[in-house]
Amino acid sequence: MATANKNLSVYDKTTIPNAKDFRFGIVVSEWNTEVTEGLYNGAIEALLDCGAVKENIVRWDVPGSFELTYGSKKMIATKKVDAVIAIGSVIQGETKHFDFVCSSTAQGIKDLNVLTDTPVIFCVLTDNNLQQAIDRSGGKHGNKGTEAAIAAIKMAALGN
């Protein structure tokens, strides 16, 4: 497993641009809220720790991970953000639904990165079970939301 020996919450603040002048959007899936709220909290903590101003962080909720692409697209169009973090959690079930949602969400976010000048950070956990998701949203492997926030800051700085 890629995160087996890595803590997703570890970053070197000296290598990260100050985020005080950037505006961030966070689009959060309401599905698997135990996981997505953990990811959101990790992202917010990292953004604020790196200088982001709370008033320059916009949060929108969408029903599920599949809707993250549209939510991110509308946020880019209407909120003048420097980067968007798309937060979701898809957990393997008994049907192929998992494959379609994961693939479509990844492709949609990739498309936004190709078609717009605003980076969209993919913070969607695609785990085999709930415990794996918990471990990556503030559990024993740290927090993928933290990692996504650091990526958002770096990408926002790249665009300026």
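Reader: Hi! Where is Lys80 found?

Author: Hello! Lys80 sits in the loop between H2 and E3. Bear in mind that this is a predicted model.

Reader: Sure. Is Lys80 buried or exposed?

Author: Lys80 is exposed, with a relative accessible area of 68%. Its backbone also stands out: Lys80 has a positive phi of about 50° although it is not a glycine.

Reader: Why point that out?

Author: Because most residues other than glycine have a negative phi.

Reader: OK, and which loop holds Asn32?

Author: Asn32 lies in the loop between E1 and H1. Asn32 is not a glycine either, yet it has a positive phi of about 60°. With a relative accessible area of 24%, Asn32 is partly exposed.

Reader: Let's go to the strands. Why is E3 described as largely enclosed by the rest of the structure?

Author: Strand E3 covers residues 83-91, and 8 of its 9 residues are buried, so the rest of the structure largely encloses it. A residue counts as buried when its relative accessible area is under 20%.

Reader: Nice. How many bridges join E1 to E3?

Author: There are 5 bridges between E3 and strand E1 (residues 24-29), and the two run parallel. Within that pairing, Ile26 has Ile85 of E3 as its bridge partner.

Reader: And what about E3 and E4, how many bridges there?

Author: E3 is joined to strand E4 (residues 120-127) by 8 bridges, and this pair runs parallel. Ile85 turns up again here, standing opposite Ile121 in E4. To get from E3 to E4, the chain passes through helix H3 (residues 97-115), and this β-α-β crossover is right-handed.

Reader: Since you mention H3, how does H2 pack against it, at what angle?

Author: Helix H2 (residues 68-79) and H3 pack at an angle of about 20°, and their axes are 9 Å apart. That makes H2 roughly parallel to H3. Their crossing is right-handed.

Reader: Which residues meet there?

Author: From H2 it is Leu68, Thr69, Ser72 and Lys73, which meet Thr105, Gly108, Ile109 and Leu112 in H3.

Reader: There's a cysteine I'm curious about. Where does Cys102 lie?

Author: Cys102 lies in helix H3. It has 13% relative accessibility, so it counts as buried.

Reader: What does Cys102 touch?

Author: Leaving out residues up to four places away in sequence, Cys102 touches Val90 and Thr126. For a distance in space, Cys102 and Val28 are 15 Å apart, C-alpha to C-alpha, with their positions 74 residues apart in sequence.

Reader: Good to know. Switching helices, how do H1 and H5 pack?

Author: Helix H1 (residues 33-49) and helix H5 (residues 144-159) pack at an angle of about 45°, with 7 Å between their axes. H1 and H5 are therefore oblique to each other. The crossing of H1 and H5 is right-handed.

Reader: And which residues make that contact?

Author: On the H1 side, Leu39, Gly42, Ala43, Ala46 and Leu47 take part. H5 contributes Lys144, Gly145, Thr146, Ala149, Ile150 and Ile153.

Reader: Last one! Where is Asn128, and what does it touch?

Author: Asn128 lies in the loop between E4 and helix H4 (130-135). Not counting residues up to four places away in sequence, Asn128 touches Ile91 and Gln92. The C-alpha atoms of Asn128 and Val90 are separated by 8.6 Å, while the two residues are 38 residues apart along the chain.

Conventions
Residues numbered from 1 in each chain as written. Predicted model: local features only at pLDDT ≥ 70, side-chain atom pairs only at ≥ 80, totals over all residues. Heavy atoms only, no water. Buried < 20%, exposed > 50% of the residue type's maximum accessible area, 1.4 Å probe, protein only. Helix = DSSP H or I, 4+ residues; strand = E, 2+ residues; numbered from the N terminus. Pairing = 2+ DSSP bridges. Right-handed = clockwise from strand over helix to strand, strands pointing away. Axes fitted to C-alpha atoms, helices over the stretch in contact; angles between N-to-C directions. Parallel < 35°, antiparallel > 145°, perpendicular 65-115°, else oblique. Left-handed = near helix turned anticlockwise from the far one by under 90°. Contact = heavy atoms within 4.5 Å.
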